[in-house]
Amino acid sequence: MSTFLWVIFPYICLAIFVVGHVWRYQYDKFGWTTRSSQLYESKLLRIGSPLFHFGMLGVVAGHFLGLVIPQSLTDRLGLSHEAYHIIALAGGIPAGIAAVVGLAILVYRRRTVGPVFSATTVNDKVMYAVLALVIFLGMWNTIAGSLLTIGGEYNYRDGVSPWFRQIFWFQPDASLMEGAPLGFQLHAFLAFVLFAMWPFTRLVHVFSAPIGYFTRPYIVYRSRDSRPGAATGTRAPKRGWEKVG
Amino acid sequence: MRVMAQMAMVMNLDKCIGCHTCSVTCKQAWTNRSGMEYVWFNNVETRPGLGYPRSYEDQEEWKGGWVRTPAGRLKLRSGGRLNRLLNIFSNPKMPSIQDYYEPWTYDYETLLNAPAQENFPVAVPHSLISGKQMNVEWSANWDDDLGGSRQHAAKDPMLKGIEDKVKMEFDETFMFYLPRICEHCLNPSCAAACPSGAIYKREEDGIVLVDQDKCRGWRMCVTGCPYKKVYFNHKTGKAEKCTFCYPRIEVGIPTVCAETCVGRLRYIGLMLYDADKVLDAASVEDDHDLYEAQRAVFLDPHDPVVQREAEAAGIPGDWIEAAKKSPVWKLISEYKVALPLHPEYRTMPMVWYIPPLSPVVDVIKDTGYDAEDHGNLFAAIDALRIPVEYLANLFTAGDPAPVDLVLRKLAAMRSYMRDINLGRDPQAHIPEAVGMTEEQMYEMFRLLAIAKYDERYVIPSAHGEEAHALEETATDCPVSDYDDELMELSGPFGEGSGRGSATPVAVENFRMLQTRQTSDTLVAGGAKRGRVNLLNWDGKGVPAGMFPDSEKDASVATVDGPAQLDGPHARPDNTAGSDGKVT
Ligand code: SF4
Ligand code: SF4
Ligand code: SF4
């Protein structure tokens, strides 16, 4: 069971994550958007959305620090365990709070503003539930586990982090996760569920961060599409709809 | 010099009757889908009035277009690149659906299912956004014909500076209609604002389009466009905008809005311009100079140097020919009667307007004087400062001088032509007074008053010159339909395109039109009879002539339409098309 949960399942999810994105990009560029609801409601969104997104950017940076950078490296750089701890909490807690408050505003908005609610699909709802749960568990782990140390202290950099890195070396050690507290286990498990759902939800918009905007010229010129098979219009016809002859 | 071609439009506002036909046909063609209920690529506003979306011209509020920095550079009014990305999670200046209007439908079911009863049943409006019952309080043309304008029109941003005078004289106020589509700007701020680079300007004809596959729904273009002519489809989460009906333009027929315009007031043609000069022209210091600066960007297609450069830039010969015949070039640069809408936004708009003389004419008529006498008209233009200033706010960034001159030209044309029409001696001093020759004045009159379809729309595709034959509303004498020769010579698009054809082109599928246009032979030897009308096909078997001949190697010479004589070039767009014909 443990092998399934912490070895097989993550790989399945990551495979879906990668293949799913490639597939969706190939076949559904048109659907690659987050279907903004700003047209319906702007005031709450103006507060909630930046709060949530910037909070999440902080959270992602924190995860990078905690999961990807090994303890041995920070040790060698002379960063004591306590100092790391304080940095992690000082950065993580505000970012986490921003994300949670932002999420609360956004969910409230989604539920109470009629047009926004009716534009919410089942897909969205499931995704929001999983996302909210993952964020909630993450906050719980940080606050209860690291700050208040309820149920004993747990150094995730001895357990979760090496396991996470091992996934990418293709030899994850399930026992590392087995020893982790339930909160961390659930957080990690649901995070992988989220990864598996990712390509099929509006979360794909994460991968459209428009970095190229800084370097491209303001006005884009483009020649009329002349790919073979394109009739008129600017994109090639869908597979199976090419012009005959 | 870097010559580029731009498909442009001019609208003659004196002729617009505010019938909204253009809006409705455009909607039928392009935005009759869910998510686009509130969208009008073409809308007609009554001015003075708020427009659609409400007060969109107030750029202090909406932050559209470009501004010139003190250093002389252009900057988007909504902020620089970094600023835009920092605000990407929620656009600070996007109009809400209420600023456009909440679209609605009626509960017709109640009417249909109502039992016999004493009182008439009522169909209640339901919002197309929330599905709930709603009160209709605003729409895309709520203040049509100055309806409710006592309340609203004073908020018209273009009345700035003259609002006191206008309010006082409101009972005798002037009014005219302003049909608006996307300007297909030379320096489009919508494209500049798009983080994904999804909005592009086509190299061949300058049409500005949104790539639906690249758009990621950031909505920055909606803010970036000062004319508010990019819209957010709230179902698909993508931006959409007026396409200048490119599938039609590509096959040489005018846009839907122009084709169906009841007043026949729209002109479509090419403008050649120097792409290297656009940015400088858009950055001139004084707003009042923008109109002249933009005109200086345009290149004279009759100039041999320009022609050579254009050819070097890959613009095909028949396009240069079309640019020479372009009615848009004549109105903008030869007669100089067309003006750009809001040059002060610095986007270099390419849909220009001939300002209406009617506010002036109406006043003279009301006072009982002769409204076709040039003396009276000139005097009235001088006296009626309010309409002139208002028009200047719209078309010349507030500089009344060019508007004045245009109105004088229109007035001169009016009285000069009256003499001719009444069989009196034409008075040469009238055109002279506005700096035109008699021939010019007469030609301008012809173009503005009686120009036929193929003079109003000079759209270069392989067969643009034949385009007038496609118009449903007859521009030719109907008797010509009985001309045997013409009957035999079915038009260049095959059956259904010739004169006297019964197939309305507007309901044609554009792919069908294109296939016809680019197929190598006129189907079944060019006669109509070989073709199968799919509407009459019973679905059984494949009758001969159902599919066009698609021999790939047939040469151009097999097409014997007169338009082909210009040369083998159809249009640059087509060069690598699968038809293999154009080389
Ligand atoms: S008018 Fe059209 S081309 Fe110009 S900025 Fe607006 S959307 Fe873009
Ligand atoms: S050019 Fe076409 S898309 Fe644009 S407003 Fe006219 S009809 Fe609509
Ligand atoms: S169809 Fe022509 S006349 Fe009618 S509103 Fe539109 S532009 Fe004006």
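Does R202(B) count as buried or exposed, and at what relative accessibility? R202(B) counts as buried because its relative accessibility is 1%, under the 20% cut-off. The model is predicted.

**Around R202(B)**

R202(B) sits in strand 8 of chain B, residues 199-202. Its side chain has polar contacts with two acidic side chains, tabled here with the salt bridge that links the chains.

| Side-chain pair | Kind | Distance |
|---|---|---|
| R202(B) and D205(B) | polar contact | 2.7 Å |
| R202(B) and E250(B) | polar contact | 2.8 Å |
| D211(B) and R222(A) | salt bridge, N to O | 2.8 Å |

**Between the chains**

Strand 8 of chain B also pairs with strand 1 of chain A. The two run parallel, over three bridges. Y200(B) is the bridge partner of V220(A).

In total, 43 residues of chain A contact 66 residues of chain B. The buried area is about 5,200 Å², with 56% from carbon and sulfur atoms. One salt bridge crosses the interface. There are also 24 residue pairs in polar contact across the interface. On the chain A side, helix 2 (43-68), helix 5 (114-118) and strand 1 (220-222) each supply at least two residues. Helix 2 of chain A gives the most, with seven. By class, this side has 19 nonpolar, 16 polar and eight charged residues.

**A hairpin in chain B**

Strand 10 (residues 230-233) and strand 11 (residues 238-241) of chain B run antiparallel, joined by four bridges. V230(B) stands opposite K241(B). Four residues lie between the strands of this hairpin. In the turn, G237(B) has a positive phi of about 70 degrees. Strand 10 of chain B is covered on both faces. V230(B) and F232(B) are buried on one side, Y231(B) and N233(B) on the other.

Key:
Residues are numbered from 1 along each chain as its sequence is written. Chains are lettered from A and ligands numbered from 1 in the order in which they are written. This is a predicted model: local features need pLDDT of at least 70, side-chain atom pairs count only at pLDDT 80 or more; totals for chains, interfaces and linings use all residues. Side-chain values use heavy atoms; hydrogens and water are left out. Buried means under 20% relative accessible area, exposed over 50%, partly exposed in between (1.4 Å probe, protein chains only). Two strands pair if DSSP finds at least two bridges between them. A polar contact is a pair of N or O atoms within 3.5 Å; within protein, one must be able to donate a hydrogen and the other to accept it, and residues adjacent in sequence count only if both atoms are side-chain atoms. Contact means heavy atoms within 4.5 Å. Buried area is the accessible area (1.4 Å probe) that two parts lose on being put together, summed over both. A salt bridge is a side-chain nitrogen of Lys or Arg within 4 Å of a carboxyl oxygen of Asp or Glu. Ala, Val, Leu, Ile, Met, Phe, Trp, Tyr, Cys and Pro count as nonpolar, Asp, Glu, Lys and Arg as charged, and the others, Gly among them, as polar.
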